[in-house]
Amino acid sequence: MAIKMIHHVNVQISDRERTRAWYEKVLGAEFLDRGPALNRRQLQLRLGSGEIHFTVTPRPTTVSSSHFAIEVDDWESTLAHLAALGIPHVRTSAASTGSDIGGIDPQQGRREDSSEHYAYIEDPDGNLIELVNHPLGLQDSQGRKVEVAHDPKGLRWVQIPGFVEAEKARGL
């Protein structure tokens, strides 16, 4: 067995419309219209090539060290975008392992092993999001630089033709 990718994470929220607007405005998320039944049950958005699914609950549970991280393509433009929107960001969080990691700038950090930039932001319900940028790029096991070779906005999960019929025939 080999894991291909993380398909999605699920995050608890209290207000679907507010969350959708925030993720679209702040992170450039794309709404995934999955039809009336699924759209009522969950809000689903695409961030890059991954998905984030949101479940509405009256009082979302957030754990101080729980977070998900997203890779951004341009660190300086990301910080400028956050500043223009008035979105605060910090270097340390409850997810941090020490107050001296990543430098001394209270708003952003840089890892000494990879030169990776990072900062934490919170969505309207207090869910922690780590923003990451690897200025040195991505390498494969032979040290060759790897570029993301697909258009994330063009990705779609699709049903295999005949799948439903085949499952019905199997009694599933």
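**Sheets and second largest pocket of the predicted model**

Of the 172 residues in the protein chain, 30% are buried (under 20% relative accessible area with a 1.4 Å probe, protein chains only; exposed is over 50% and partly exposed in between). The structure is a predicted model, in which local features need pLDDT of at least 70, side-chain atom pairs count only at pLDDT 80 or more, and totals for chains, interfaces and linings use all residues. Residues are numbered from 1 along each chain as its sequence is written, and side-chain values use heavy atoms, with hydrogens and water left out.

The protein chain contains four helices and ten strands (DSSP runs numbered from the N terminus: H or I of at least four residues for helices, E of at least two for strands). Their order along the sequence is β-α-β-α-β-β-β-α-β-β-β-β-β-α. Among contacts (heavy atoms within 4.5 Å) with a separation of 6 or more, 56% are between residues 24 or more positions apart.

One open sheet has four strands in the order β1-β4-β3-β2, with mixed pairing; strands are taken to pair if DSSP finds at least two bridges between them. Its edge strands, β1 and β2 (30-31), each pair on one side only. Strands β3 (residues 43-47) and β4 (residues 50-56) run antiparallel and are joined by five bridges, with L47 opposite G50 in β4. Helix α1 (residues 16-27) packs on this sheet and touches β1, β2, β3 and β4. The direction of α1 makes about 5° with that of β3 (axes are lines fitted to C-alpha atoms, for helices over the stretch in contact, and angles run from 0 to 180 degrees between N-to-C directions).

Another open sheet of four strands follows the order β5-β8-β7-β6, and its pairing is also mixed. Strands β5 and β6 (109-110) lie at the edges with a single partner strand each, so one side of each has no neighbour in the sheet. Two bridges connect β6 to the antiparallel strand β7 (residues 117-122), where R110 stands opposite H117. Helix α3 (residues 75-85) packs on the sheet through β7 and β8 (128-133), at about 145° to the direction of β8.

The second largest pocket holds about 220 Å³ of space. A pocket is an open set of points on a 1 Å grid over the protein atoms alone, fitting a 1.4 Å probe, with protein on both sides within 12 Å along at least five of seven lines; lining residues have an atom within 4 Å of a point. Grid points are joined across faces, edges and corners, and the volume is the space filled by probe spheres set on them. The lining comprises 13 residues, with N10, V11, S66, H67 and N127 nearest the centre. Strands β1 (8-13) and β5 (67-71) are the elements giving two or more residues to this lining, and β1 supplies the largest share, four residues. Five lining residues are nonpolar, eight polar and none charged (Ala, Val, Leu, Ile, Met, Phe, Trp, Tyr, Cys and Pro count as nonpolar, Asp, Glu, Lys and Arg as charged, and the others, Gly among them, as polar).
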